[in-house]
Amino acid sequence: MGQAQDLKFQVGQSIDNETTKNKAATIIASFPRDSVSNSHSIQGFLELGLNFPDNTIKSYSISAFVEKHSNTLISKRQDVTQFGGQLTFHLWEKSQFFLLKKYKVRFLGTARYSHDHIAETDGGQYLLHFNLAPKLGGGNFGDAFLNIENIYPGDEYKNYQNDPNNENPDPKKRFPSDFIQFSSSHTFGVEYISNEELLLGNLAYTVNIYPLSGLLYRTFEQYRMLQFSFGIDNRFNINSQNTELFIGSLLTASAGVNFLINAEKGYQLGLAYSYQEGGHALQGLSDQVFSQLVLTARLVLDNSK
């Protein structure tokens, strides 16, 4: 068994799977001066964990988290509090068999208690998700098509500037990443909601597009400042259990601007306009359509970096 390598603290949108963990948490609040009640929207989690590297078969991490999904700005209100633990592990990191020569398999196992303050229900939720992750950091189109940690094209102008072989970099030299970059994420999983005795399948995919990325870097020294995101998070009933929870697709789209606090570690704040259509059985979100302007935040504190 590997020894504890580092302590990690993370802030993101939802602990559910790798797709939602890499999204920024969102928050907005309204405090009217008249008799109208205060309103808010909060979608996020706080996670504290330990990473355990193992260079033979797998590496893994364990964590504890608290999560809140509450929105009083929409017609069908949402208010869910959750807490629990998560085990993340990678398999076949050293395998040379077929696709496993290039990709490892990342599993996320989650157990949490969930309380819905609107429906006045509570119970356990047990999730198992997996996705492919490139070995050695990736970097090509296929890697970016699968995993949000990989950007395509890369930060070409920055790399060109930092190349020791370029004694006098040409500031007018153009690269494809000056005009566009993209990343994406995917997940497959099964989910069990104990108080409903409901077994669900889950398929999710999100793509992020960063226009004018390298051109903005030349002025602000920051790549991926503008971001457009499109996603689908689909759930389907495996055991045909009757339920009043929404089972189907949650469609999301957003456009916003990111401000990096620490470029090396990826800490960021932002402002985004988001659109959602559908519902979310695990988070007490009823089927509806709404849009909102939100503040966003993503933070990963990892002492191995």
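This report describes the strands, nonpolar cores, empty spaces and one loop residue of a predicted protein model.

**Overall make-up**

The protein contains four helices and 13 strands, and of its 305 residues 46% are buried. Among the contacts with a separation of 6 or more, 62% join residues that stand 24 or more positions apart.

**Strand pairing**

Strand E13, which covers residues 285-302, pairs in the antiparallel sense with strand E1 (residues 6-12) over four bridges, and within this pairing Gln 10 has Val 300 of E13 as its bridge partner. Strand E12, made of residues 267-280, also pairs with E13 in the antiparallel sense, here over 12 bridges, one bridge being that between His 280 and Leu 285 of E13. Together E12 and E13 form a hairpin in which four residues lie between the two strands, and in the turn Gly 284 has a positive phi of about 70°.

**Nonpolar cores**

In soluble globular proteins, nonpolar side chains tend to be buried together. In this model the largest nonpolar core has six residues, namely Leu 127, Ile 193, Leu 198, Leu 200, Ala 281 and Leu 282. Another core, which has five residues and lies apart from the largest one, includes Tyr 157, Tyr 160, Phe 175 and Tyr 223. Returning to Leu 198, and leaving aside its neighbours within four places in sequence, this residue is in contact with Glu 191, Tyr 192, Ile 193, Asn 237, Asn 239, Gln 241, Thr 243, Leu 245 and Ile 247.

**Cavity and pocket**

Rolling a probe the size of a water molecule over the atoms shows where empty space is left. When the whole structure is searched, one cavity of 30 Å³ or more is found. The table sets the largest cavity beside the second largest pocket.

| Space | Volume | Residues by class in the lining | Element giving the most |
|---|---|---|---|
| Largest cavity | about 50 Å³ | three nonpolar, five polar, two charged | E3, four residues |
| Second largest pocket | about 460 Å³ | nine nonpolar, nine polar, six charged | E7, four residues |

The lining of the largest cavity consists of Lys 8, Phe 9, Gln 10, Glu 47, Gly 49, Leu 50, Asn 51, Ser 61, Ile 62 and Ser 63, and the elements that give two or more residues to this lining are E1, strand E3 (39-52) and strand E4 (58-71). Gln 10 therefore appears in two parts of this account, since Gln 10 lines the largest cavity and is also the bridge partner of Val 300 in E13.

The second largest pocket is lined by 24 residues, and those that lie nearest its centre are Asp 116, Ala 119, Thr 121, Leu 245 and Gly 284. Strand E6 (103-116), strand E7 (121-134) and E13 are the elements that give two or more residues to this lining. Two of the residues named here have been met before, as Leu 245 is in contact with Leu 198 and Gly 284 lies in the turn of the hairpin.

**A loop residue**

Ile 238 lies in the loop between strand E10 (226-237) and strand E11 (249-262). Is Ile 238 buried, exposed or partly exposed? Its relative accessible area is 40%, and because this value falls between the limits of 20% and 50%, Ile 238 counts as partly exposed. Although Ile 238 and Leu 199 are 39 residues apart along the chain, their C-alpha atoms are separated by 5.5 Å. Leaving aside neighbours within four places in sequence, Ile 238 is in contact with Val 190, Leu 199, Leu 200 and Gly 201, and of these Leu 200 belongs to the largest nonpolar core.

Conventions: Residues numbered from 1 in each chain as written. Predicted model: local features only at pLDDT ≥ 70, side-chain atom pairs only at ≥ 80, totals over all residues. Heavy atoms only, no water. Core = buried A, V, L, I, M, F, W, Y, C linked by side-chain atoms within 4.5 Å. Buried < 20%, exposed > 50% of the residue type's maximum accessible area, 1.4 Å probe, protein only. Contact = heavy atoms within 4.5 Å. 1 Å grid on protein atoms, 1.4 Å probe; cavity = no way out; pocket = protein on both sides within 12 Å on 5 of 7 lines; lining within 4 Å. Points joined across faces, edges and corners; volume = space filled by probe spheres on them. Nonpolar A, V, L, I, M, F, W, Y, C, P; charged D, E, K, R; others polar.
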